Amino acid sequence: MTDAVAPRAEDFVPGRPVVFRNATVITVDSAGVLENADVLVIDDTIAGVGHDLEVPAGALEIDAKGGIVMPGMIDTHRHMWQTALRGYGGDWALSQYFVFYYLTWGHVFRAEDIAAGNQLSALESIDDGVTTTVDWSHALRTPDYADAAVEALKSIPGRFVLAYGNYLGAPWEWMNEPGFRTWVENFKADDMMGLQVAFDVNSGPDFHEKAAFEAARELDLRVTTHAGVWGVNGDPNIEYMYDHGFMTDKVTYVHASSLGPDSYHKIAATGGTISIATESEQSAGQGYPSAWVAKKYGITASLSMDTSVWWSADFFSVMRSTLSSFRSRDHLEAHSKGETVNVNRMKAEDAVWQATMGGAHTLGMADKIGSITVGKKADLVLLKNDESPVMTPILNPYAHVVYQVGTADVHTVVVNGKVVKYEGARIGLPLKPVADRVAASVEYVRGELGEEAWKEWMNPALPEDEPIANPYQYLSEDDGHKH
């Protein structure tokens, strides 16, 4: 074995090999879990996976003993630009979200506001071990907005896919405008920056979206669409897509949590995928989180966190809530029949697969990312924290990732062979300039709303609960009075 060099952050330079030593390796491929194993990275590629690997001279050695190396996680649906208003809508119902952005204040957001949110979200992604993120960017009113979104994403060394959308316009119109067509034709897509289109089917039996699907087909772009959102788009919208031949393996159905059996059969038969956003579906009411129906109907599923205007981008929480929601549904189904669940049908391993390979399949990149496999792109996360009680003992690696680990345990992150975080600290990626950019955006948006509207929207009035008459009353022994 060649002697490797213990690294410092400044030693991670392009072209220098890196090896993780003595890790618990979750490969997410046929090799399964390897104990006390090594992972070798040369340039942008996984060059070796196994025990006691021989490495090139001068390789940097990361001591991964007591840690877990897993593939970089993949978020297939995040409205990244909304991260600039992190937590602002934490008490919203879905209808309030729609009214705020779609009907009332969406027009105030400038291209620089989109860029500010994107940059913060992109930085957060790689900091948390999410090495690939789909930017469901539905506020791109003009190609200039799209340029700003891309500029921000490219400023962070992560892997991103821009899903171009415009919620203030009709997709059958803006997707056929010369400016959009020219922008797409000039876009240089690659493995680090992909391109999709993002729009929903809501028009009704007239199916105006037919022209949008035709444009996507002409431009050879994958489509990501919110579907199965309770009260917004349901089975008829799936039927329109199917009858016109637009349900293919290049379509991702976000949420898909309130559809009927026939719609799920159509998604499965046409090779479509579902992007599950469990915390969103639980809180905003699109329907019951769709991991359960995805398994039932044999549909490939990936995970997403939706938007930080409500929820965090913590992907461990995403996996945890998804697995828990699946098991809750199983219990509810069993209890409704007077039965008991004796075996959990969804395992922690399944949640890890959805967070990695599920995302790779959803993006059409299963041959490039999503598992620790020789020849694939080196997108890796080391979970290691020698001072955290959470990190010992590691007995069931899959369950440990889903139910035990947190973002504070993300020790090292590698994207496309580049080490972007090491020993819990980002390398050359300070927060302050990004935070300053976001602060300026928040100040502007807050000023456009005005202080009164800003406070009212952040603290929506809540209806009072109707009291339930209680036939039982407490009789005090001291005074003999009922209370």
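The second largest pocket comes out at about 260 Å³. A pocket here is an open set of points on a 1 Å grid over the protein atoms alone, with protein on both sides within 12 Å along at least five of seven lines. Its volume is the space filled by probe spheres set on the points, which are joined across faces, edges and corners. The structure is a predicted model, so local features need pLDDT of at least 70 and side-chain atom pairs pLDDT 80 or more, while totals for chains, interfaces and linings use all residues. Residues are numbered from 1 along each chain as its sequence is written, and side-chain values use heavy atoms, with hydrogens and water left out.

Now for the walls. Lining residues (those with an atom within 4 Å of a point) number 17 in the second largest pocket, and G194, L195, R222, L363 and M365 sit nearest its centre. Strand 8 (159-164) and strand 9 (193-198) each give two or more residues to this lining, with strand 9 giving the most, four. Strands are DSSP runs of E, at least two residues long, and helices are runs of H or I, at least four, both numbered from the N terminus. The lining splits into eight nonpolar, three polar and six charged residues. Asp, Glu, Lys and Arg count as charged, Ala, Val, Leu, Ile, Met, Phe, Trp, Tyr, Cys and Pro as nonpolar, and the others, Gly among them, as polar.

The largest pocket holds about 480 Å³ of space. Its lining has 28 residues, with Y102, Y167, D200, N202 and H226 closest to the centre. Helix 1 (94-105) and helix 4 (171-174) each supply at least two of them, and helix 1 has the largest share, four residues.

Key: On a 1 Å grid over the protein atoms alone, a cavity is a set of points where a 1.4 Å probe fits but cannot get out, and a pocket is an open set with protein on both sides within 12 Å along at least five of seven lines; lining residues have an atom within 4 Å of a point.
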